[in-house]
Amino acid sequence: MSAAKHHPKGLTVLYEDRDIIVIEKPCGLLTIGTGRDTTRTVHSILNDYVRKGDPRSRNRVYIVHRLDRETSGILILAKSEANKIYLQEHWQETDKHYVTVVHGILARKSGTISSYLAENSAMRVYSTSDHAQGKLSHTEYVVMKEHRGLSLLAIHLLTGRKHQIRVHLSEGGHAVVGDGKYGKDRNARANLALHARSLTFTHPVSGRRMAFETGIPEYFTRLVGSISPNELTDKSRE
């Protein structure tokens, strides 16, 4: 066990072994830095964590997938490049569930949104009819609760494109609450109401199926009131 000062500050470790680490990322933290942004990230925090404060250590973590800065929830990181490659090559077998709050009341209470998603030079993702330009994407949803003009949705992400959930819901007229990029919440709210709630995947070494699940963020209950986590899980997987 490492000293407390080397625990990853600001992150919740859900599971760790010699091959992988599973964490819960808070809203507002980048998964990995960019050339323009060198602030603390999940990647930098966990690199320091696995090195136990020793800058000469060769230990490091490898990014398997990403969550947007504004999105909270479960992330898997690998402790070797081989494990990273395995997890990425088997990513379509990974079961990904989100929860989100959107504007408006949906006419259809469940369904699957499908479109070809592309990205323009301004790094904005959009649906296109050009099948050669876009990548086919599927977002399955179930309405869990409606409250004061907002809807709580359980999302089953059938593919994993950049900004997929935000774009699919926004283009359908129901932008995610707090989304200033694809919605109309220009700095109106502090948080994006999108949370990666559960993840089920195959361990890269043992081959064992592993499942992790988090609670519903308190921010969501402020928007739509309380809801039973068991009810959310059961209804979203009917």
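# A walk through the fold, starting at Thr-100

Select Thr-100 to begin: at a relative accessible area of 0%, this residue is buried (buried means under 20% relative accessible area, exposed over 50%, partly exposed in between, with a 1.4 Å probe and protein chains only). Before moving on, note that this is a predicted model, in which local features need pLDDT of at least 70, side-chain atom pairs count only at pLDDT 80 or more, and totals for chains, interfaces and linings use all residues. Residues are numbered from 1 along each chain as its sequence is written, and side-chain values use heavy atoms, with hydrogens and water left out.

**Around Thr-100**

Thr-100 sits in strand E5; helices (H or I, at least four residues) and strands (E, at least two) are DSSP runs numbered from the N terminus. Show its side chain and you'll find it reaching the backbone oxygen of Ala-193 at 2.6 Å. That is a polar contact: a pair of N or O atoms within 3.5 Å where, within protein, one must be able to donate a hydrogen and the other to accept it, and residues adjacent in sequence count only if both atoms are side-chain atoms. Now bring up the contacts of Thr-100 (heavy atoms within 4.5 Å). Setting aside neighbours within four places in sequence, they include Leu-153, Leu-169, Ala-193, Leu-194 and Phe-220.

**Zoom out for a moment**

Colour by secondary structure and you should get 5 helices and 11 strands. Of the 238 residues in the protein, 48% are buried. Take the contacts between residues at least 6 apart in sequence: 62% of them join residues at least 24 apart.

**Two covered helices**

Next, select helix H3, residues 164–171. 7 of its 8 residues are buried, so H3 is largely enclosed by the rest of the structure. Among the buried ones are Arg-166, His-168 and Leu-169. To see what covers them, turn on strands including E5 (95–103), E6 (110–119), E8 (135–147) and E10 (194–202). Just past the helix, Gly-173 takes a positive phi of about 90 degrees.

Then jump to helix H1, residues 42–50, which is mostly covered, with 7 of its 9 residues buried. His-43, Leu-46 and Tyr-49 are among those, and the cover includes strands E1 (12–16), E2 (20–25), E3 and E4. Just after H1, look at Lys-52, whose phi is positive at about 50 degrees. The charged end of Lys-52 sits over the ring of Tyr-49, 4.8 Å from its centre; to count, NZ of Lys or CZ of Arg must be within 6 Å of the ring centre and within 35 degrees of the ring normal. Arg-60 does likewise over the face of Tyr-62, at 4.1 Å from the ring centre.

**Into the cores**

Show nonpolar side chains next. A nonpolar core here is a set of buried Ala, Val, Leu, Ile, Met, Phe, Trp, Tyr and Cys residues joined through side-chain atoms within 4.5 Å. The largest has 43 residues, and those with the most contacts inside it are Leu-46, Leu-77 and Val-101. Strand E9 gives the most to this core, with 6 residues. Apart from it lies another core of 13 residues, among them Ile-74, Ile-76, Phe-201 and Phe-212. Back at Leu-77, its contacts beyond four places in sequence include Ile-21, Val-42, Leu-46 and Ile-63.

**Three rings in a cluster**

Select Tyr-15, Phe-201 and Phe-212, which ring pairs link into a cluster. Rings of Phe, Tyr and Trp (its six-membered ring) pair if their centres lie within 6.5 Å; planes under 30 degrees apart count as stacked, over 60 as edge-to-face and the rest as tilted. By this rule the count is 3 aromatic pairs. Tyr-15 and Phe-212 have ring centres 5.7 Å apart and planes at 45 degrees, so that pair is tilted. With Tyr-15 in strand E1 and Phe-212 in strand E11 (residues 209–213), the pair ties together parts 197 residues apart in sequence. Tyr-15 is partly exposed at 22% relative accessible area, whereas Phe-212 is buried at 13%. Phe-201 and Phe-212 also pair up, this time stacked: 6.0 Å centre to centre, with 20 degrees between the planes. Phe-201 is buried too, at 0% relative accessibility.

**Last stops: two loops**

Finish with Met-123, in the loop between E6 and E7, where a residue that is not a glycine has a positive phi of about 65 degrees. Met-123 is partly exposed, at 40% relative accessible area. In the loop between E8 and E9 you'll find Arg-148, also a non-glycine with positive phi, near 50 degrees. Arg-148 counts as exposed, at 79% relative accessibility.
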